[in-house]
Amino acid sequence: MSSIAADISLPSSAPTPDLARCYLLEARHEFLRLLRTPMFCIPTLVFPALFYLLFGVLMNRGHASGSFDAATYMLAGYGAFGVMAPGLFGFGVSVATDRDHGWLQSRRAMPMPPGAYLVAKLVMAMLFAALVFVVLALIAAAVAGVRLPVSSWAALCLVDVLGVLPFCAIGLLVGSAVSAQAAPAIINLIYLPLSFLSGLWLPLSMLPAFLRKIAPLWPAYHLGQLAYAAVGQPSTGSMLSHVAALAAVTMIFLLAARRRLARG
């Protein structure tokens, strides 16, 4: 298993052109693999859009006060909710499946560079996060009438695409620890409560005081605050503290997953 852990480590130096082509091909195949998997692709792309249409557009039409605009606020929140899925499910379920079928071991015999497996999944998750952003942005602009400066759209896209990384690390740890059959249930037990407790479905002000106090414990909370700030909606805490919290979560869970794989 130590060899498997080495396989999912990031490359230590810049790849040569041939190696770069290997990384690109692996990333392309991983993206197409999940794009052609309806159980992953449809919920990942459709659920955030449906939730935003129902709760962010239809039920909040005309709700705006000062700097707060419900459609814009919920765009940021459901965007953060949506981009969690490619990381959690794209890593958690697929890594667990690869482990159960022995594909991680068989990759050792393939002429692929170290780190290509992990890089491909990271690229896949970021591409799906970008698709989630595009779908929500189109709905927000065309249906909800959201109007933002180009800089705000770009900032929100950047937050969503990079914000998937901590959840990739969490998904990797789950995938390294549980079976393929258990992985979807475990991921859902993380994904849905984490989204609710972080205020991504409803503003934190609508939750009980106890839940508001513990919200900063959850990585999704920090991602949400970055997203709200990106579109000029009310947020709490400094942006640097939120970035630091997400970076810490990424490193802690990535190291834990690597150790778990090394132990077998």
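At what angle do helix 8 (residues 165–177) and helix 9 (residues 183–197) pack, and how far apart are their axes? In this predicted model, the angle between helix 8 and helix 9 is about 150°, and their axes lie 10 Å apart. Because of this angle, helix 8 is roughly antiparallel to helix 9. The two helices, helix 8 and helix 9, make a right-handed crossing. On the side of helix 8, the contact is formed by F167, G171 and V174, and on the side of helix 9 by I186, I187, I190 and L194.

The chain as a whole contains 12 helices and 2 strands. Read from the N terminus, the order of its elements is α-α-α-β-β-α-α-α-α-α-α-α-α-α. The chain has 264 residues, of which 47% are buried. Its exposed area is about 12,400 Å², and 71% of that area is supplied by carbon and sulfur atoms. When contacts in the chain between residues at least 6 apart in sequence are considered, 78% of them join residues at least 24 apart.

Helix 9 also packs against helix 4 (residues 70–100), here at an angle of about 160° and with the axes 9 Å apart. Helix 4 is therefore roughly antiparallel to helix 9, the angle being over the cut-off of 145 degrees. The crossing of helix 4 with helix 9 is right-handed. Helix 4 contributes F81, G82, M84, A85, L88, F89, G92, V93 and A96 to this contact, while helix 9 contributes A183, P184, I187, N188, Y191, L192, L194 and S195. Among the residues of helix 9, I187 and L194 are listed in the contact with helix 4 and also in the contact with helix 8.

Two threonines, T72 and T44, were examined individually. T72 belongs to helix 4. With a relative accessible area of 6%, T72 is buried, because the cut-off for a buried residue is under 20%. Leaving aside residues up to four places away in sequence, T72 touches V146, L148, V231 and Q233. The C-alpha atom of T72 is separated by 8.5 Å from that of Y228, although the two residues are 156 residues apart along the chain.

T44 is located in helix 3 (residues 38–58). Its relative accessibility is 3%, so T44 counts as buried. The side chain of T44 reaches the backbone oxygen of F40 at a distance of 2.7 Å. With residues up to four places away in sequence not counted, T44 touches A85, P86, F128 and V132. One of these residues, A85, is also among the helix 4 residues in contact with helix 9.

R259 lies in helix 12 (residues 239–263). In this case the relative accessibility is 60%, and R259 therefore counts as exposed, as the cut-off for an exposed residue is over 50%. The C-alpha atoms of R259 and L173 are 9.4 Å from each other, with their positions 86 residues apart along the chain.

Definitions and conventions. Residues numbered from 1 in each chain as written. Predicted model: local features only at pLDDT ≥ 70, side-chain atom pairs only at ≥ 80, totals over all residues. Heavy atoms only, no water. Buried < 20%, exposed > 50% of the residue type's maximum accessible area, 1.4 Å probe, protein only. Polar contact = N/O pair within 3.5 Å; in protein donor to acceptor, adjacent residues only side chain to side chain. Contact = heavy atoms within 4.5 Å. Areas by Shrake-Rupley, 256 points an atom, 1.4 Å probe, with all protein chains shown as cover. Axes fitted to C-alpha atoms, helices over the stretch in contact; angles between N-to-C directions. Parallel < 35°, antiparallel > 145°, perpendicular 65-115°, else oblique. Left-handed = near helix turned anticlockwise from the far one by under 90°.
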